[in-house]
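Open the model in your viewer and keep the sequence panel beside it. Each stop below gives a selection and then what is there.

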Amino acid sequence: MATASAAPSTPTEDHRSPESHAPAIPVATARPEAPRPSGLVYLGLVGLAVLAFIFFWATRDSGSVLLIPLGFVTLWAPLYPVIGLAVMLLTLALCFKAKVGTMGAFGVLAFIIMSYWAGSTVNFTLLEIPSRWSNVEPRLMAFLDPNWSYIWTVRDQWLITMSMAVVATLVGCAIGLVLAMFASPVSSPNKGVSQAIKAVNSVVRSIPDVGWALLFVAFIGGTAHGLGPMAGVLALLMFNIGIVAKLLSETIDSVNPGPVEAADAAGANLTQRNRLAILPQVLPGFVSYGLYVFELNIRASAALGIVGVGGIGSAMMLQLNRFAFENVAAILIALIVVVLLVDMFSMYIRRKLL
């Protein structure tokens with residue numbers, strides 16, 4: 001009796017879903033909560049706030065007090081130190097609730113203490129503005145109604161201001177480039193020269209542009225002697241040298257050492273190494289710094305005119321003395337427009353050159 005032959009065996013198909021072959025996706029674990037800061041340290045910060053309150057109380061200048069009626073007795077406390085203490089305690093409470101670290105809470109507390117101390121030293125308060133609004137309102141109305149025709153009558157002063165900015169930028173950036181080369185240890189002949197140039201540059205930067213203007217006006221004469229623009233250019237010149245030499249020397253410190261080492265290996269002297277290996281690397285930054293100081297010079301030259309170096313600042317000071325606030329408003333608006341145009345031009349040049 002014939003038997004049916006067995007059918008050839010075929011591999012069994014896997015009917016499992018495709019998802020079963022996909023690798024397991026790890027489940028995201030919950031982010032651990034920040035540990036609660038030490039309550040003992042926060043109590044120390046509260047003690048620091050109390051000490052600051054006592055110091056503010058002892059050194060206060062204002063006689064304003066806060067009266068606290070308790071029925072049978074009325075307590076009093078100096079108003080502003082109490083407000084400062086309340087702000088400090090509230091800030092520490094919020095920091096503790098938000099689990100801010102002790103150093104972060106100390107930084108916030110130190111910021112409040114320093115701000116209060118600085119403000120109380122100069123008697124800074126916004127409460128005087130409402131009481132003086134009767135004096136502010138007419139001047140504000142004059143500022144809101146500029147005399148546009150006055151701008152064209154001071155076009156010569158505008159030309160002086162722009163000329164001072166251009167000359168100071170070109171000469172100051174050139175001198176700043178040379179000083180930066182000698183200030184950086186990467187491009188300086190030796191460490192002694194580098195430290196000496198840095199010390200001189202620190203002295204130059206320590207005097208503001210207005211201070212330089214006052215010095216040069218005293219030395220060579222101001223607008224009354226016909227030398228006001230010269231004093232302004234020299235003041236801006238020193239201001240630019242300090243900025244460019246500082247920023248560019250730090251840029252030279254971080255140049256790629258590869259080209260410098262290659263120049264040294266090829267036997268290049270100091271001048272050749274600076275010209276071929278360092279200057280091409282820092283030239284984009286130098287152009288950017290030059291455009292930046294040109295923007296600063298436009299604003300600074302307008303401010304320097306107030307101290308007697310001529311330009312649009314002198315015209316603005318003259319109108320302030322005459323209480324012609326509508327003319328001052330026209331000058332300020334024109335100054336804003338000029339600075340914005342210079343800023344846009346600088347951005348365009350940066351995109352093209354850098």
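A residue is called buried when its relative accessible area is under 20%, and exposed when that value is over 50%. Keep those cut-offs at hand. The model is predicted.

**Stop 1: Thr169.** Select helix α7, residues 155-183, and pick out Thr169 within it. Is Thr169 buried or exposed? Its relative accessibility is 8%, so Thr169 is buried. Now show side chains. Which side chain makes a polar contact with that of Thr169? The partner is Asn297, at 2.7 Å. Widen the selection to the residues that touch Thr169 from beyond four places in sequence: Asn240, Gly290, Val293, Phe294 and Asn297. Asn297 thus appears both as a contact and as the polar partner.

**Stop 2: helix α2.** Select residues 79-97. Measure between the end C-alpha atoms of α2; the distance is 27 Å. At 1.5 Å a residue, the 19 residues of α2 should span 27 Å, so the two values agree. Next, colour the buried residues of α2: Pro81, Gly84, Leu85, Met88, Thr91, Leu92 and Cys95. Look down the helix axis. The buried residues of α2 fall within an arc of 130°, so they line one face of the helix. Turn to the other side of α2, where Leu90, Leu94 and Lys97 are exposed. Then step past the end of the helix to Lys99, which follows α2 and has a positive phi, near 60°.

**Stop 3: the cysteines.** Select Cys95 and Cys173. Cys95 is buried because its relative accessibility is 9%. Cys173, at 7%, is buried too. How many disulfides does a search of the whole structure find? The search finds 0.

**Stop 4: Asn201.** Select helix α8, residues 191-206, which holds Asn201. With 9% relative accessibility, Asn201 counts as buried. Leaving out residues up to four places away in sequence, Asn201 touches Ile241, Gly242, Ala245 and Lys246.

**Stop 5: annotated spans.** Colour by the UniProt annotation "transmembrane region", which comes from an unreviewed entry. Among the spans it covers are residues 40-59 and 227-248. Residues 40-59 are 95% helix and 0% strand, with end C-alpha atoms 29 Å apart. Residues 227-248 are also 95% helix and 0% strand, and their end C-alpha atoms lie 31 Å apart. Other annotated spans to try include 100-118, 203-221 and 330-349.

Methods: Residues are numbered from 1 along each chain as its sequence is written. This is a predicted model: local features need pLDDT of at least 70, side-chain atom pairs count only at pLDDT 80 or more; totals for chains, interfaces and linings use all residues. Side-chain values use heavy atoms; hydrogens and water are left out. A disulfide is a pair of cysteine sulfur atoms within 2.5 Å. Buried means under 20% relative accessible area, exposed over 50%, partly exposed in between (1.4 Å probe, protein chains only). Helices (H or I, at least four residues) and strands (E, at least two) are DSSP runs, numbered from the N terminus. A polar contact is a pair of N or O atoms within 3.5 Å; within protein, one must be able to donate a hydrogen and the other to accept it, and residues adjacent in sequence count only if both atoms are side-chain atoms. Contact means heavy atoms within 4.5 Å. UniProt positions are given in the numbering used here, feature names are shortened, and annotations may be inferred rather than shown by experiment. The expected span of a helix is 1.5 Å times one less than its number of residues. The arc is that of the directions from the helix axis to the C-beta atoms.
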